Amino acid sequence: MTAASQAERTVLEDEFNWLLKEEVHAVLKQLQDILKEASRRFSMLTPGLEGQLKQENFILGSSTMDQVKGVLTLQGEALTQADINIKVAKSSQVLHFAFRDDKQWKLQQIQDARNHVNQALHLLNSRDESYHFKTGAEVNKLMDAVMLQLTRARNRLTTPATMTLPELATSGLMKMFSPAMPGDVMVNFYINLSKLCLVVYQLHVLQPNTTKNFKPAGSSVLHNPGAMFEINNAKFEVSHVHKVECVVPWLNDTLVFFTISLQLCQQLKDKISVFSSFWNYRPF
């Protein structure tokens with residue numbers, strides 16, 4: 001090895017050691033601060049009331065001629081109240097439903113996203129400022145683990161669960177309301193990005209001797225008119241679908257925090273990869 005290349009390697013080694021000792025911890029601190037903010041959004045407290053989660057009311061907007069109107073009350077990950085008016089397509093009769101006082105509906109997507117954020121924070125907290133990273137591979141392993149949790153958190157908010165119509169008909173959500181939902185109306189709530197969505201399905205019963213080709217619908221986030229299903233030996237078809245939604249600003253905040261955090265993780269991995277040729281000369 002020439003003196004010049006030896007000097008170059010010494011400079012590289014100094015830079016790499018500085019990266020491992022200083023910059024990695026600076027990025028970890030940044031990530032912790034951002035994810036603490038994200039975690040805080042999931043459990044905002046009511047000012048002046050110690051330990052009580054903030055209740056927020058959201059008015060559902062509709063683009064389908066006001067067939068469905070409603071006000072939803074969200075408290076952290078739980079829908080504590082839903083007040084819904086549905087105009088029945090055939091009769092123009094307005095049906096009114098609200099959650100029973102003893103019921104609230106947990107939004108699993110929010111709960112799961114929060115758990116993934118807290119898991120990412122736990123990973124970051126396991127490497128405090130006194131911890132000395134010895135290799136780039138070690139940093140990459142931590143970044144990959146954090147990115148996995150953040151990607152899962154984001155996916156839970158951007159990808160609602162698919163359900164079959166019989167699953168929806170028998171879900172606990174149908175038992176939440178007073179008065180009880182009639183047999184020809186079904187509802188579902190889910191999160192899509194920063195929006196809280198309500199879907200209302202109006203059904204009609206297919207006659208046993210119907211000549212219509214009966215094809216049960218599969219699993220979907222949103223079923224279209226014409227979708228068919230069978231439950232308790234009765235066949236149904238979806239006649240009308242109404243989707244209404246409202247923006248939940250703090251969910252939008254969390255999605256922004258996830259994007260920034262994932263970028264920071266990737267940037268740190270990219271910086272470390274610059275030294276990959278140098279790694280070949282030192283053990284992992």
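Contact here means heavy atoms within 4.5 Å, and a helix axis is a line fitted to C-alpha atoms over the stretch in contact. Keep the axis in mind. Two packed helices are described by the angle between their axes and the distance between the axes.

Right, good morning. What you see above is a predicted model. I'll start with the whole protein, then go to helices, then to single residues.

The whole protein, then. There are six helices and 10 strands. The chain has 284 residues, and 42% of them are buried. The exposed surface comes to about 15100 Å². Carbon and sulfur atoms supply 52% of that surface. Now take contacts between residues at least 6 apart in sequence. Of these, 65% join residues at least 24 apart.

On to the helices. Find α2, residues 108-125. Then find α3, residues 136-158. At what angle do the axes of α2 and α3 cross? Roughly 165°, and the axes come within 8 Å. Angles over 145 degrees count as roughly antiparallel, so α2 is roughly antiparallel to α3. The crossing is left-handed.

Who makes that contact? From α2, the list includes Ile110, Ala113, Val117, Ala120, Leu123 and Leu124. Gln108, Asp112 and His116 are among the α2 residues too. From α3, we have among others Leu142, Ala145, Val146, Leu150 and Leu157. Arg152 and Arg156 of α3 also take part. By class, the contact of α2 with α3 divides into 12 nonpolar, five polar and three charged residues.

Now follow α3 to another partner. That partner is α5, residues 249-273. Here the angle is about 160°, and the axes are 10 Å apart. The cut-off of 145 degrees applies again, so α3 is roughly antiparallel to α5. The crossing of α3 and α5 is left-handed. How many nonpolar residues does this contact have? It has 14, along with eight polar and three charged ones.

Stay on α5 for a moment. Ser261 sits in this helix. Is Ser261 buried or exposed? Buried: its relative accessible area is 0%. Look at what surrounds it. Leaving out residues up to four places away in sequence, Ser261 touches Leu31, Ile34, Leu35 and Leu150. You have met Leu150 already, in the contact of α2 with α3.

Next, the strands. Look for Leu95 in β4, residues 94-99. Its relative accessible area is 16%. Buried means under 20%, so Leu95 counts as buried. Beyond four places in sequence, Leu95 touches Ile84, Asn85, Ile86 and Val88. It also touches Pro182 and Val185. How far is Leu95 from Met181 in space? The answer is 9.3 Å, C-alpha to C-alpha, and the two are 86 residues apart in sequence.

Go now to β7, residues 185-192. Met186 is in this strand. With a relative accessible area of 2%, Met186 is buried. Setting aside neighbours within four places, its contacts include Leu165, Leu168, Ala169 and Met174. Val199, Val200, Tyr201, Leu203 and Phe229 are on the list as well. Met186 and Val238 are 52 residues apart in sequence. In space, their C-alpha atoms are 9.7 Å apart.

Last stop: the loops. Three spots to look at.

One is a cis peptide bond. Which residues does it join? Ser178 and Pro179, with omega about -5°. Pro179 is found in the loop between β6 and β7.

Another is Leu193, in the loop between β7 and β8. Leu193 is not a glycine, yet its phi is positive, about 60°. Its relative accessibility is 46%. Buried is under 20% and exposed is over 50%, so Leu193 counts as partly exposed.

Then there is Asn232, in the loop between β9 and β10. Its phi is also positive, near 50°, and this residue is not a glycine either. What is the relative accessible area of Asn232? It is 73%, and exposed means over 50%, so Asn232 is exposed.

To recap. Helix α3 is roughly antiparallel to α5, and α2 is roughly antiparallel to α3. Ser261 is buried in the model, while Asn232 is exposed. That's my talk. Thank you.

Technical notes:
Residues numbered from 1 in each chain as written. Predicted model: local features only at pLDDT ≥ 70, side-chain atom pairs only at ≥ 80, totals over all residues. Heavy atoms only, no water. Axes fitted to C-alpha atoms, helices over the stretch in contact; angles between N-to-C directions. Helix = DSSP H or I, 4+ residues; strand = E, 2+ residues; numbered from the N terminus. Parallel < 35°, antiparallel > 145°, perpendicular 65-115°, else oblique. Left-handed = near helix turned anticlockwise from the far one by under 90°. Nonpolar A, V, L, I, M, F, W, Y, C, P; charged D, E, K, R; others polar. Buried < 20%, exposed > 50% of the residue type's maximum accessible area, 1.4 Å probe, protein only. Areas by Shrake-Rupley, 256 points an atom, 1.4 Å probe, with all protein chains shown as cover.
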